[in-house]
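Dear colleague,

I am passing on the structure below, together with a short account of what turned up when its aromatic rings were examined. Please read the notes with the coordinates open beside them.

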Amino acid sequence: MIAPTVPVTVAYNKDPSPIKLNLGVGAYRTEEGKPLVLNVVRRAEQMLVNDQSRVKEYLPIIGLAEFNKLSAKLIFGADSPAIQENRVTTVQCLSGTGSLRVGSEFLARHYHERTIYIPLPTWGNHPKIFSIAGLSVKTYRYYDPASRGLDFRGLLEDLGAAPSGAIVLLHACAHNPTGVDPTLEQWEQIRQLMRSKGLLPFFDSAYQGFASGSLDVDAQAVRIFVADGGECLAAQSYAKNMGLYGERVGALSVVCKTADVASRVESQLKLVIRPMYSNPPIHGASIVATILKDRDLYNEWTVELKAMADRIKNMRQQLFDALQARGTPGDWSHIIKQIGMFTFTGLNTEHVAFMTKEYHIYMTSDGRISMAGLSSQTVPHLAGAIHAAVTGVA
Ligand code: PLA
């Protein structure tokens, strides 16, 4: 299980070195190393500020209705039969984390099987969220360190051996921390296996559009599960793809078999949310709804999103090239094969400690680096540190 990312940032903040580099937390930085507020977000905010009719009243328990509808469309597709048949219930939550938490509290109270299978490894917060909510957490094999790719056979064996009805956490795209996703054919096999065993898919979609640059491509895995008419849950975050990290805006959708079940699920979700935080904040959801409902703003968003995804891909290539140029021992092709914000480098805890001490480079101890925190100027520093680590540290 990976170490929490936040302590990495604490250590980074304390380091006085001018060359220090934080590749720990997954937050997008520009080529200049600065946080980015999307232009489309600035425009939407300006429109909201200029609208004198807007007030600061409480939102309903499940949040902004328009935001919920648009969020479901974004992940399931505008023409999704599940949406048209009113089989989806969507509630606004506090970003991806809050959506996962509300979803798992709901399952712990009302679902008949209280075991959730999470990939090994996974985002460090997953096991904590699910166990605190009252689910019992088990793992399924996911990553094969030898191939630095998917352990597909191990995954199928472990899910095949899971008790029927168990919940399975799936990363919708850009698996964190490994950057390794199943192919579409593999997703189809996973779907068939899960449906045949009645396993319940719970998708964590924290990176839609951020992985491939296309919102639709990154939602494909979720959509093949929804297309078969079965149940599933999806937690969405706008932290990365709209750069709304600190606004804490996300959504939980539960796809049900009938409209009647969906409306009863909504009532139960309200009972989960009300004693937790009463109702969600208004600002972030208003920004998202403003962008999603306006064709021009939406198009502008997709262009900016693609530019972020492209910059990350470019950093992968640059880092790979820099290691090749140095003749750094080992096969580094996984850097360009992996997808999304992170590269799972294969560096061990000792390498990481060495790079932090000698090069002031911060990353999680499992060797995960955030490609989004890298720039053309810092690639040589990182490549030099990796080279020194793998040639000098056992
Ligand atoms: N799910 C996954 C797979 C994530 O990687 C993250 C964020 C979230 C959900 C939740 O994000 P949100 O609540 O902000 O929407 N992971 C980050 C940040 C980017 C973190 O750890 O807090 C990471 O560095 O792994």
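Please keep in mind that this is a predicted model. Phe-225 is a convenient place to begin, since this residue has a relative accessibility of 0% and therefore falls under the 20% limit below which a residue counts as buried. The rings of Phe-203 and Phe-225 have centres 5.2 Å apart and planes at 75°, and because that angle is over 60 degrees the pair is classed as edge-to-face. Phe-203 belongs to strand β8 (residues 200-205) whereas Phe-225 belongs to helix α9, so this contact ties together parts that are 22 residues apart in sequence. Like Phe-225, Phe-203 is buried.

In all, the structure holds 12 aromatic pairs. Another of them joins Trp-187 to Phe-225, again edge-to-face, with 6.4 Å from centre to centre and 85° between the planes. Here Trp-187 comes from helix α8 (residues 184-197) and Phe-225 from helix α9 (residues 220-227), so that the pair links parts lying 38 residues apart in sequence. Trp-187 is buried as well, with a relative accessible area of 6%. Taken together, Trp-187, Phe-203 and Phe-225 form one aromatic cluster.

Two contacts between a charge and a ring may also interest you. Lys-20 lies over the face of Tyr-12, at 4.4 Å from the ring centre, and Arg-368 lies over the face of Phe-342, where the distance to the ring centre is 3.6 Å.

With best regards

Note on methods
Residues are numbered from 1 along each chain as its sequence is written. This is a predicted model: local features need pLDDT of at least 70, side-chain atom pairs count only at pLDDT 80 or more; totals for chains, interfaces and linings use all residues. Side-chain values use heavy atoms; hydrogens and water are left out. Rings of Phe, Tyr and Trp (its six-membered ring) pair if their centres lie within 6.5 Å; planes under 30 degrees apart count as stacked, over 60 as edge-to-face and the rest as tilted. Helices (H or I, at least four residues) and strands (E, at least two) are DSSP runs, numbered from the N terminus. Buried means under 20% relative accessible area, exposed over 50%, partly exposed in between (1.4 Å probe, protein chains only). A charge sits over a ring if NZ of Lys or CZ of Arg is within 6 Å of the ring centre and within 35 degrees of the ring normal.
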